[in-house]
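Please read the explanation below with the sequence and the model side by side. It goes from the sheet to the helices and then to a few single residues.

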Amino acid sequence: MNSLDLHGIKHAEVKQLFDTFIYENMKKRSFEVEVITGISDQMKKIVFELTDEYKFDYYQDLLNPGKIIIKII
């Protein structure tokens, strides 16, 4: 599964990285991807909001709450 690791990324930079990551994975016809947010509640909120804009389903990994799995197809 392809992943986007947001450790060390500034909040203001997330949208551009996320959009590019999603676009590239849609072109590859990936079924799902993971976004690693770490423990930052603000980073998780940003990713949840961006995922909602795309109207994708997603869930937090039960064993690693710092990882969000996004179903893109």
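Helices, as the word is used here, are DSSP runs of H or I with at least four residues, numbered from the N terminus. With that in hand, one backbone feature can be placed: Arg29, just after H1, takes a positive phi of about 60°. The model is a predicted one, and the rest of the text builds up the surroundings of that residue and others.

Start with the sheet. It is open, has 4 strands in the order E1-E2-E4-E3, and its pairing is mixed. Strand E1 (3–5) and strand E3 (57–60) are the edge strands, each pairing on one side only. On average, neighbouring strands of this sheet are turned by 20° against each other, direction ignored. E3 and E4 run antiparallel and are joined by 4 bridges. Within that pairing, Tyr58 has Ile70 in E4 as its bridge partner.

Two helices lie across the strands. H1 lies across E1, E2 and E4, and runs at about 160° to E2. H2 lies across E2, E3 and E4, and runs at about 160° to E3.

Take H1 next. This helix has 14 residues, and the distance from its first C-alpha to its last is 20 Å, close to the 20 Å expected at 1.5 Å a residue. Which residues of H1 are buried? They are Val14, Phe18, Asp19, Phe21, Ile22 and Asn25. These residues are on the same side of H1 because they cover an arc of only 165° around the axis. The cover over them includes E1, E2, H2 and E4. On the face of H1 turned away from the buried side are the exposed residues Gln16 and Lys27.

Asn25, one of the buried residues of H1, can be looked at alone. Its relative accessibility is 2%, so Asn25 counts as buried, the cut-off being under 20% relative accessible area. Leaving aside neighbours within four places in sequence, Asn25 is in contact with Asn2, Ser30, Val33 and Ile72.

H2 can be read in the same order. The 14 residues of H2 should span 20 Å at 1.5 Å a residue, and its end C-alpha atoms are 20 Å apart, which agrees. Buried in H2 are Met43, Lys44, Ile46, Val47, Leu50 and Thr51. Because they cover an arc of only 160° around the axis, these residues are on the same side of H2. H1, E2, E3 and E4 are among the elements that cover them. Asp41 and Glu53 are exposed on the other side of H2.

What do the helices and strands supply to the nonpolar core? The largest such core has 16 residues, and those touching the most other members are Leu6, Phe18, Ile22, Val35 and Ile70. At least two residues of this core come from each of helix H1 (14–27), strand E2 (32–36), helix H2 (41–54) and strand E4 (67–71). Leu6 touches Val14, Val35, Ile36, Thr37, Met43 and Val47, with residues up to four places away in sequence not counted.

Now return to the backbone just after each helix. Arg29 is in the loop between H1 and E2, and it has its positive phi of about 60° although it is not a glycine. The relative accessible area of Arg29 is 70%, so this residue is exposed. Lys55 follows H2 and also has a positive phi, near 60°; it too is a residue other than glycine. Lys55 is found in the loop between H2 and E3. With a relative accessible area of 71%, Lys55 is exposed.

One last residue belongs to the edge of the sheet. Gln60 is in strand E3, which is an edge strand. Is Gln60 buried, exposed or partly exposed? A relative accessible area of 31% makes Gln60 partly exposed, because that term covers values between the 20% and 50% limits. Not counting residues up to four places away in sequence, Gln60 touches Lys44, Phe48, Pro65, Lys67 and Ile68. Of these, Lys44 is one of the buried residues of H2. Gln60 and Arg29 are 31 residues apart in sequence, and their C-alpha atoms are 22 Å apart in space.

Key: Residues numbered from 1 in each chain as written. Predicted model: local features only at pLDDT ≥ 70, side-chain atom pairs only at ≥ 80, totals over all residues. Heavy atoms only, no water. Core = buried A, V, L, I, M, F, W, Y, C linked by side-chain atoms within 4.5 Å. Buried < 20%, exposed > 50% of the residue type's maximum accessible area, 1.4 Å probe, protein only. Contact = heavy atoms within 4.5 Å. Pairing = 2+ DSSP bridges. Axes fitted to C-alpha atoms, helices over the stretch in contact; angles between N-to-C directions. Expected span 1.5 Å × (residues − 1). Arc of directions from axis to C-beta.
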